[in-house]
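Hi,

Here is the structure I promised to pass on. Have a look at it first, and then read my notes below.

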Amino acid sequence: MQTIDHVRLSADETKLVILDQTQLPNRETYLELSSAEEMYEAIKKLRVRGAPCIGIFAGFAMFVLAQGLKQSTYEEFASKFRELSAYLNSSRPTAVNLSWALRRMERVVSEHAGMAPAEILPLLRAEAQAILDEDIAMCRAISEHGLSLLKDGDCVLTHCNAGPIATSKYGTAIGPLILGAEKGIKLKAFADETRPLLQGARLTSWELNNAGVDVTLICDNMASMVMKNGWVQFCFVGCDRVAANGDTANKIGTSGVAILAKHYGIPFYVLGPTSTIDMNCPTGDDIQIELREPEEIKTMWYREPMAPASVKCFNPSFDVTDHRLISGIITEKGICRAPYTESLTALFQ
Ligand code: MRU
C-alpha cells in the first residue's frame, strides 16, 4: 500500500493528517482534521492545494467522514454522504480533480445500494487508496515523458507549484526536474514567485532545492528578461482543468508566461494527469475561475497594509491559456499535440 506524508490517515484511520502548506517553507506543521468544516477550510485556505492533491485529499476525507455515518440506514447514509460531498465540492471551483474524486467516492456508495454502511466503509477506503496509487503512477509517467524532452544543461521556467506536495509524488510540471536530478542529469530551473500566494517562492523553490535541482527564484515580472537572455529552453506548467479543445486553466499568470514563451520562441508545455482533463468542458470559456479575497493582495505577507484599505482589488486565482499557445500537453499516456480536440479525445478511447 502506497502512502504519502503530506496527506495521510491517522494511525487509527479516523482522522486525516495533512502538511499545512500555508506554513511552508518556514515550518513543517501537520494538522489533524476530522470534521467536514475543517476539511472545507483546509481546501479553501490552501492548506492542501494543487489539483491532484486536492483530489487525493477529497477521497480520504470522504472515507473519514463516512465513518461518522456508519450507524445509519443505507438511504440515510447515501443521502448524507452526497450532502457532505457537495459541501466539500463547493470549497474551490476550478480544479476538476476535486469533483472528479468526489464523484468516484459517490459512485462507490451508489453502486452498493442497500448494503450496510459499515460494509461500504472498506470499499471507500480502497477507492481513496486507488486515487492515490493511480496519481503516484501517473506523476511518475508524466515525469518520464517530460524528461524525454530535456537534455543536460537545459533550464525550465515554471509558474506556481506543480511538485510533489501538489500531487502525490514527483509532481507534474517539476516532476521531470526532480526525476532528472535522481538520474544525475544536470537541469536548471527558474521558479516564478507566483503572486499573490507565492506558491513558486514558498513551495517550488523549496521542493527543487530539497531535490538538489539548481533553481533560481524570480519575481513574475522578470520572466520576460530571463527568456530574452536565452536562459530558458522550456516552460513547464501544471494545470487545474484542461478543456476538450486544449485550453488550460492554471494559476493566475500562466497565460502571460505562455504569451512570452511564444514571443521568444520557447516551447511551452502543460503537464497534468488525465484526471485533470475535463472532456465535458468544451473550451476555456466554460471553466469557472475562482475569485479570492482582496486581503491576499493588500495585506497578506506585509507587516502593514500595502494598499489603501478602501481600494478595489481583482484577485482571480487562475487564468486560461489559449490552446494555440501550448506546444504539447504531457499526460501519463504520452504527449498530446494539436489539434487537441483529437489528441485529447484519443486519450479516453
Ligand atoms: O491555487 P493553487 O495553489 O491550488 O493552484 C495550483 C496550480 O495552479 C497548479 O499549477 C495546479 O493545480 C497543478 S498541481 C500539479
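Does W301 count as buried, partly exposed or exposed? With a relative accessibility of 38%, W301 counts as partly exposed. Before going further, please keep in mind that this is a predicted model.

Let me stay with W301 for a moment. You'll find W301 in the loop between helix 10 (295-298) and strand 12 (318-321). Its backbone is worth a look too: W301 has a positive phi of about 80°, although it is not a glycine. For background, most residues other than glycine have a negative phi. W301 also belongs to a nonpolar patch on the surface, together with M300, Y302 and M306. Together these four residues have about 390 Å² of accessible area.

Next, go to the loop between strand 5 and helix 7, where T194 is found. T194 is not a glycine either, yet it has a positive phi, of about 70°. Its relative accessibility is 0%, so T194 counts as buried. P196 has its place in the loop between strand 5 and helix 7 as well. The peptide bond that joins R195 and P196 is cis, with an omega of about 0°.

There is another cis bond to look up, from A338 to P339, with omega near 0°. P339 lies in the loop between strand 14 and helix 11. As a reminder, most peptide bonds are trans.

Now for helix 7, which covers residues 199-210. How far apart are its end C-alpha atoms? They are 15 Å apart, which agrees with the 16 Å that its twelve residues should span at 1.5 Å a residue. Ten of those twelve residues are buried, so helix 7 is largely enclosed by the rest of the structure. The buried ones are Q199, G200, A201, R202, L203, T204, S205, W206, E207 and L208. What do they pack against? Their partners are strand 4 (155-158), helix 6 (175-182), strand 5 (188-192), strand 6 (214-218) and strand 9 (248-251). Just after helix 7 comes G212, which takes a positive phi of about 80°.

One residue in strand 4 is handy for seeing this packing up close: T158. At 1% relative accessibility, T158 counts as buried. Leaving aside neighbours within four places in sequence, T158 is in contact with A173, I174, F190, A191, D192, T204, F236 and V237. You'll recognise T204 from the buried residues of helix 7.

Finally, turn to helix 11 (residues 340-347), where Y340, S343, L344 and L347 are buried. Seen down the helix axis, the buried residues of helix 11 fall within an arc of 95°, so they line one face of the helix. The general pattern helps here: an α-helix has 3.6 residues a turn, so residues three or four places apart point the same way. And what covers this face? The cover for the buried residues of helix 11 includes strand 8 (241-243), strand 11 (277-278), strand 13 (328-331) and strand 14 (334-336).

If you want a route through the model, you could begin at the patch around W301, go on to T194 in its loop, and then follow helix 7 and the elements that its buried residues pack against. Helix 11, with its buried residues lining one face, makes a good last stop.

Cheers

Methods
Residues are numbered from 1 along each chain as its sequence is written. This is a predicted model: local features need pLDDT of at least 70, side-chain atom pairs count only at pLDDT 80 or more; totals for chains, interfaces and linings use all residues. Side-chain values use heavy atoms; hydrogens and water are left out. Helices (H or I, at least four residues) and strands (E, at least two) are DSSP runs, numbered from the N terminus. The expected span of a helix is 1.5 Å times one less than its number of residues. Buried means under 20% relative accessible area, exposed over 50%, partly exposed in between (1.4 Å probe, protein chains only). Contact means heavy atoms within 4.5 Å. Patches are made of residues with over 30% relative accessible area and no salt bridge: like charges are joined within 9 Å, nonpolar side chains (Val, Leu, Ile, Met, Phe, Trp, Tyr) within 5 Å. Accessible areas come from the Shrake-Rupley method with a 1.4 Å probe; for residues, only the protein chains shown count as cover. A salt bridge is a side-chain nitrogen of Lys or Arg within 4 Å of a carboxyl oxygen of Asp or Glu. The arc is that of the directions from the helix axis to the C-beta atoms.
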